[in-house]
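Got the viewer open? Let's take a walk through this one, a stop at a time.

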Amino acid sequence: MTEKNVWLITGAGRGLGVDIAKAALAAGHAVVGTARDAAAVTAAVGEHQDLLAVDLDVTDPAAAQAAVAAAVQRFGRLDVVVNNAGSFQAGFFEEMTPEAFRSQIETTLFGPVNVTRAALPQLRAQRSGLVMTISSTAGIASPVEFTSAYAASKFGVEGFMEALAPEVAPFGITTMLVEPGFFRTELLSPQSTQYAAPSIEDYAERARQTLEAWKGMDGTQGGDPAKLARALVRLVALDEPPARFAAGADAVALFEQKANLLLTQAAAHRDLSVSLAHDDA
Ligand SMILES: NC(=O)c1ccc[n+]([C@@H]2O[C@H](COP(=O)([O-])OP(=O)(O)OC[C@H]3O[C@@H](n4cnc5c(N)ncnc54)[C@H](OP(=O)(O)O)[C@@H]3O)[C@@H](O)[C@H]2O)c1
């Protein structure tokens, strides 16, 4: 990659996206900061000669195409795409409406799909580029109440990025997944989290306790998004950026637990598992 890269960041009007935009600008890169309301980007990041603010709702494929076109028109190229925008549809699966579940998938799975689809022709023409997707520890393991829709979308982007990687590698394009643990952004605020309305008596007491626990975490998360943003800028500058980055001590612990769990599960019924081929195979 060239020394001064052009970054396109989704959800850059609030939360982690603002910190990533600031960190990239501070490192001397150009930034296309996108948000549902582009004015929020300039308000949060501040005016900068290397900052272009663009409207982009990631659920709108045409808007994603337009944002990439605006980036290339202004800066002549595109080097780093950051699929960051996100939201949280929280609640017990049985109490969540189908619309809420679908809206989670639209934002945090189809959002990255739309933006990546829009960016790849440009990256392929350049024969270089990096697609970074902010997944979550919930994309690695999520034995946690209220996260079925969110984890479904995050496991989805994990598979999407992992399978895309070999398809685009011959064109000099790499992918990077970032799995943050708990970071102190606005994700658990009412602007970003929607809780399912309690409706089933069997869940009532647990719903009350779980809601309280999630709400209690808003504003008290341990992770510092500014530090994460600076770490991401450093990782992108490496000759070989990691395919996955566990962001936070809690994320590292969860990676290790999941890796051990998979080993245990693979071994648990090993004889039966390996006995399933045709006799002539
Ligand atoms: N914070 C954590 O603990 C944590 C942990 C794991 C993963 N993550 C992931 O980190 C990413 C950033 O989240 P955050 O923590 O910074 O949360 P946040 O503070 O709530 O910010 C979310 C951002 O996404 C934007 N957004 C939501 N829906 C959008 C859409 N349809 N189109 C465009 N932008 C949209 C929001 O913009 P508006 O102002 O327009 O709503 C906002 O800028 C997300 O993918 C999240 O899942 C966060």
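Start by selecting helix α4 (residues 98–126) together with helix α5 (residues 148–168). In this predicted model, the axes of the two helices come within 8 Å and cross at roughly 20 degrees. Angles under 35 degrees count as roughly parallel, so α4 and α5 are roughly parallel to each other. Their crossing is right-handed.

Now show the side chains where the two meet. On the α4 side, pick Ala100, Phe101, Gln104, Ile105, Thr108, Leu109, Pro112, Val113 and Leu120. Facing them from α5 are Ala149, Tyr150, Ala152, Ser153, Lys154, Gly156, Val157, Phe160 and Val168. Colour this contact by class and you should get 13 nonpolar residues, four polar and one charged.

Keep α4 on screen and add helix α3 (residues 61–75). Here the axes come within 8 Å again, and α3 and α4 cross at roughly 35 degrees. α3 passes α4 in a right-handed crossing. From α3, select Pro61, Ala64, Gln65, Val68 and Val72; from α4, select Asn114, Val115, Arg117, Ala118, Ala119 and Gln122. How do the residues of this contact of α3 with α4 divide by class? They come out as seven nonpolar, three polar and one charged.

Next stop: clear the selection and bring up helix α1 (residues 16–26) and helix α7 (residues 225–236). These two pack at an angle of about 50 degrees, with their axes 8 Å apart, and are therefore oblique to each other. α1 passes α7 in a right-handed crossing. α1 brings Leu16, Asp19, Ile20, Lys22, Ala23 and Ala24 to the contact, while α7 brings Pro225, Ala226, Leu228, Ala229, Arg230, Leu232 and Val233. Sort the residues where α1 meets α7 by class and you'll find ten nonpolar, three charged and no polar ones.

Time to visit the ligand. Which of the 31 residues around the ligand come nearest? Select Gly11, Gly15, Gly86, Thr185 and Ser192 to see them. Two helices you've already met turn up here: α1 and α4 are the elements that give two or more residues to the shell around the ligand. By class, that shell has 16 polar, eleven nonpolar and four charged residues.

Last of all, switch the colouring to pLDDT. The mean for the protein chain is 97, and 99% of its residues reach 70 or more. To see both ends of the ranking among the elements, select helix α6 (residues 204–217), which has the lowest mean at 97, then strand β4 (residues 80–83), which has the highest at 99.

Methods
Residues numbered from 1 in each chain as written. Predicted model: local features only at pLDDT ≥ 70, side-chain atom pairs only at ≥ 80, totals over all residues. Axes fitted to C-alpha atoms, helices over the stretch in contact; angles between N-to-C directions. Helix = DSSP H or I, 4+ residues; strand = E, 2+ residues; numbered from the N terminus. Parallel < 35°, antiparallel > 145°, perpendicular 65-115°, else oblique. Left-handed = near helix turned anticlockwise from the far one by under 90°. Contact = placed C-beta atoms within 7 Å. Nonpolar A, V, L, I, M, F, W, Y, C, P; charged D, E, K, R; others polar. pLDDT = per-residue confidence, 0-100. Near = placed C-beta within 6 Å.
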